[in-house]
Amino acid sequence: MSRQSALQYLSLITLSSLLAACGGSGNGGGSTPKPSSAAVSSSSVAITSSTAISSSSSVVISSSAPTSSSAATVSSSSAMTSSVSSSAANVTTLIKLNQVGYKPNSEKLAVIPAVAATTFTVKDAYNTVVLTANLSSAKTWTPSAESVKLADFSSITAEGDYTLTVDGVQNTASFKISANAYDALNAGAIKAYYYNRASIDLLEEYAGVYKRAAGHADTTVYVHESAATSLRPANTIISAPKGWYDAGDYNLYIVNSGISTYTLLAAYEKYPTYFQGQNLHIPESGNAIPDVLDEALWNLEWMLSMQDPNDGGVYHKLTSKNFSGFVMPSADTSARYVVGKTTAAALDFAAVMAAASRIYKPYDATLSTKMLDAAKAAWVWAKTNPTVYYSQPSDIKTGEYGDGNVADEFAWAAAELYITTEEDAYFADFNQSVGSADVPGWPNVKSLGLISLAHNIDSLSYVVDKDLLKSRLNTLATNISSQKTTSAYGVPLTSGDFYWGSNSGALNKALMLTVAYELDNTKTNYLKTAQSLLDYVLGRNPTDYSFVTGFGVKYPQNVHHRPSGSDTVAGSIPGFLAGGANGENKTDCTTPYPSTLSAKSYLDAQCSYMTNEIAINWNAPLVYVSAALQNLTE
Ligand SMILES: [Ca+2]
Ligand SMILES: [Ca+2]
Ligand SMILES: [Ca+2]
């Protein structure tokens with residue numbers, strides 16, 4: 001569930017009902033309301049209500065148990081940073097770099113604490129010095145209040161394992177250069193969706209130690225009174241199996257499924273050859289369909305079942321009435337409901353189904369037609385019902401994904417329908433006055449239409465102003481890239497970027513940069529900036545963590561994710577992106593956060609849904625960006 005929905009949820013109910021709803025464990029969910037354009041007003045409202053409800057939520061979360069392991073993590077982190085030389089108290093001694101690896105010709109930067117040394121040294125696996133070069137001058141990065149220098153070792157292009165050292169810094173940083181630097185990361189990030197599948201046994205053959213029984217068959221789902229019609233009155237039973245669990249909880253939400261599924265499809269549409277050669281070791285591996293499309297289809301089939309065939313409307317979510325405790329999927333046997341129909345759900349559904357229709361067409365023409373018919377029916381419903389916003393029924397306590405501005409959803413759906421049908425009439429509904437490109441998030445999807453138009457630019461009709469499309473993307477990419485130039489960490493992130501789900505915000509910036517670069521590959525600064533954002537998520541950040549479970553040297557062990565917390569395997573299920581550092585006031589854990597500085601305010605503890613949850617919409621740009629950088633950099 002999302003930040004906004006969590007806050008609305010918290011503000012609506014009493015402490016006692018919340019405790020009952022959560023079974024004493026933390027809950028929350030992930031998503032990325034963007035502090036930009038349409039999302040600004042709702043986002044700031046949410047922050048205000050966050051302050052207002054902080055006391056009650058702090059009481060709730062203090063009853064959450066699993067903080068011991070996180071305390072251990074924090075203390076070991078302190079131990080690492082205590083190996084200080086003579087640097088100032090607020091300067092850590094660790095070298096920060098991408099812990100997963102670099103392509104041979106990528107830009108390669110490390111962040112060094114501002115010690116007196118003016119040079120750094122890189123040695124290869126045979127302990128031979130391959131580079132000694134100057135560090136940059138020291139600069140302070142405001143989000144972490146650190147004074148740091150940058151080491152640029154881009155000139156090293158030979159594949160291999162290396163170490164980087166600086167006099168006065170006691171640790172030695174290791175890094176790898178490899179032509180397939182992001183292949184395993186990309187496959188792992190997609191495989192995470194398999195681990196989050198509802199309604200299927202995860203067999204050892206595919207899931208290894210993460211095998212588990214199926215949960216949530218969802219063949220008996222009740223129509224909630226909020227979604228009742230004359231043809232499907234309250235408590236009508238429908239079947240809506242499959243889909244991905246949204247985040248750390250076991251509920252499924254059409255709005256967040258929209259951007260998540262789309263982002264995987266967009267990655268495939270841009271880099272089909274790459275994905276056609278990928279084997280994810282899922283049950284559908286070896287069939288005729290690329291595995292990423294098989295994985296996306298698991299969720300698309302669920303989405304199709306969320307459309308009311310009588311009117312084309314789409315249910316907003318499939319959910320239990322309350323969040324479950326931290327139990328395995330098969331242990332949550334609560335009744336399931338489809339709740340509400342909304343304009344946002346219909347339009348996100350229409351957009352994704354229209355995109356899917358063209359992408360699956362070469363593999364299954366019948367499915368493609370079914371998807372396009374479904375998209376058109378949802379579009380007609382939304383045009384007839386243009387202002388139906390989500391309103392949480394009093395007996396439903398799960399995430400809301402409410403969105404009171406659907407101009408961007410109309411624009412996105414219109415763009416996808418136009419591209420797939422090649423009918424110019426749809427493009428008239430792509431509101432040119434939507435204006436500048438921005439960084440997408442679940443409530444702000446207009447730029448998803450721009451991405452698809454960019455991906456299909458060679459086949460667009462005269463109605464599309466291609467120069468305007470390019471200039472919108474260029475303006476956004478130039479603005480983001482300029483922030484890298486002035487950043488001490490060399491990343492386009494400022495204090496305002498450290499909100500709930502900050503890591504996905506960083507990766508959605510990188511996604512937009514690669515889209516702009518694809519339209520103009522002379523803009524190498526776009527590619528370098530995207531690389532720096534991926535580096536940030538993979539370790540070039542003040543927390544010392546690579547934020548993807550199972551990838552890097554130090555990664556989250558205690559994500560807020562019910563299967564990871566309830567299984568018998570130590571640590572987290574691999575391939576998931578943790579939400580990341582969050583400068584907002586957090587009251588979810590009794591264990592203190594290591595810092596109140598926004599870029600350092602991260603806790604690897606299960607209680608920390610505000611920094612350590614996982615979510616399908618957060619993993620999606622990791623899939624896209626890792627594929628893009630694997631393909632765009634030699
Ligand atoms: Ca396959
Ligand atoms: Ca919206
Ligand atoms: Ca575990």
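Trainee: At what angle do helix α14 and helix α15 pack, and how far apart are their axes?

Mentor: Two packed helices are described by the angle between their axes and the distance between the axes. In this predicted model, helix α14, which covers residues 446-455, packs against helix α15, residues 466-486, at an angle of about 120°, and their axes lie 11 Å apart. The two helices, α14 and α15, are therefore oblique to each other, and the crossing in which α14 passes α15 is left-handed.

Trainee: Which residues of α14 and α15 meet?

Mentor: On the α14 side you will find L450, L453 and A454, and these meet L469, R472 and L473 of α15. Sorted by character, the residues of this contact between α14 and α15 comprise 5 nonpolar, no polar and 1 charged.

Trainee: How would I describe helix α16 and helix α20 in this way, that is, at what angle do they cross?

Mentor: The general idea is again the angle between the axes and the distance between the axes. For helix α16 (residues 502-519) and helix α20 (residues 616-632), the axes cross at roughly 40° and come within 9 Å. The contact is made by residues of α16 including L507, L511 and V515, and by residues of α20 including W618, L622 and V625. Among the residues of the contact of α16 with α20, 12 are nonpolar, 4 are polar and 1 is charged. The crossing of α16 and α20 is left-handed.

Trainee: Let us turn to the metal sites. Which residues are the protein donors of the calcium ion (ligand 1)?

Mentor: When you read a metal site, look for the atoms that act as donors and then for where their residues stand along the chain. For the calcium ion (ligand 1), the protein donors are E284 (O), N287 (OD1), I289 (O), D291 (OD) and D294 (OD), at 2.2 to 2.6 Å from the ion. Along the chain, these donors follow the spacing E-x2-N-x1-I-x1-D-x2-D.

Trainee: Are the donor residues E284 and D291 buried or exposed?

Mentor: The cut-off to remember is that buried means under 20% relative accessible area. E284 is buried because its relative accessible area is 18%, and D291, at 4% relative accessibility, counts as buried too.

Trainee: Where is S285 placed?

Mentor: S285 sits in the loop between α8 (272-276) and α9 (291-305). With a relative accessibility of 23%, S285 counts as partly exposed. Leaving aside residues up to four places away in sequence, S285 touches N279, L280 and D291, and this D291 is one of the donors of the calcium ion (ligand 1). S285 and E295 are 10 residues apart in sequence, and their C-alpha atoms are 9.9 Å apart in space.

Trainee: What are the protein donors of the calcium ion (ligand 2)?

Mentor: Here some residues appear twice in the list of donors: D403 (OD), D403 (OD), N405 (O), D408 (OD), D408 (OD), E409 (OE), E409 (OE) and P443 (O), lying 2.3 to 3.1 Å from the calcium ion (ligand 2). The spacing of these donors along the chain is D-x1-N-x2-D-E-x33-P. D403 counts as buried at 10% relative accessibility, and D408 counts as buried at 5%.

Trainee: Which residues coordinate the calcium ion (ligand 3)?

Mentor: S564 (O), D567 (OD), V569 (O) and G571 (O) coordinate the calcium ion (ligand 3), at 2.3 to 2.4 Å, and in sequence these donor residues are spaced S-x2-D-x1-V-x1-G. S564 is buried, with a relative accessible area of 8%, and D567 is buried at 17%.

Notes:
Residues are numbered from 1 along each chain as its sequence is written. Chains are lettered from A and ligands numbered from 1 in the order in which they are written. This is a predicted model: local features need pLDDT of at least 70, side-chain atom pairs count only at pLDDT 80 or more; totals for chains, interfaces and linings use all residues. Side-chain values use heavy atoms; hydrogens and water are left out. Axes are lines fitted to C-alpha atoms, for helices over the stretch in contact, and angles run from 0 to 180 degrees between N-to-C directions. Helices (H or I, at least four residues) and strands (E, at least two) are DSSP runs, numbered from the N terminus. Angles under 35 degrees count as roughly parallel, over 145 as roughly antiparallel, 65 to 115 as roughly perpendicular and the rest as oblique. A crossing is left-handed if the near helix is turned anticlockwise from the far one by less than a right angle, and right-handed if clockwise. Contact means heavy atoms within 4.5 Å. Ala, Val, Leu, Ile, Met, Phe, Trp, Tyr, Cys and Pro count as nonpolar, Asp, Glu, Lys and Arg as charged, and the others, Gly among them, as polar. Donors are N, O and S atoms within 2.8 Å of the metal (3.2 Å for Na, K and Ca); water is not among the atoms, so sites may look incomplete. Buried means under 20% relative accessible area, exposed over 50%, partly exposed in between (1.4 Å probe, protein chains only).
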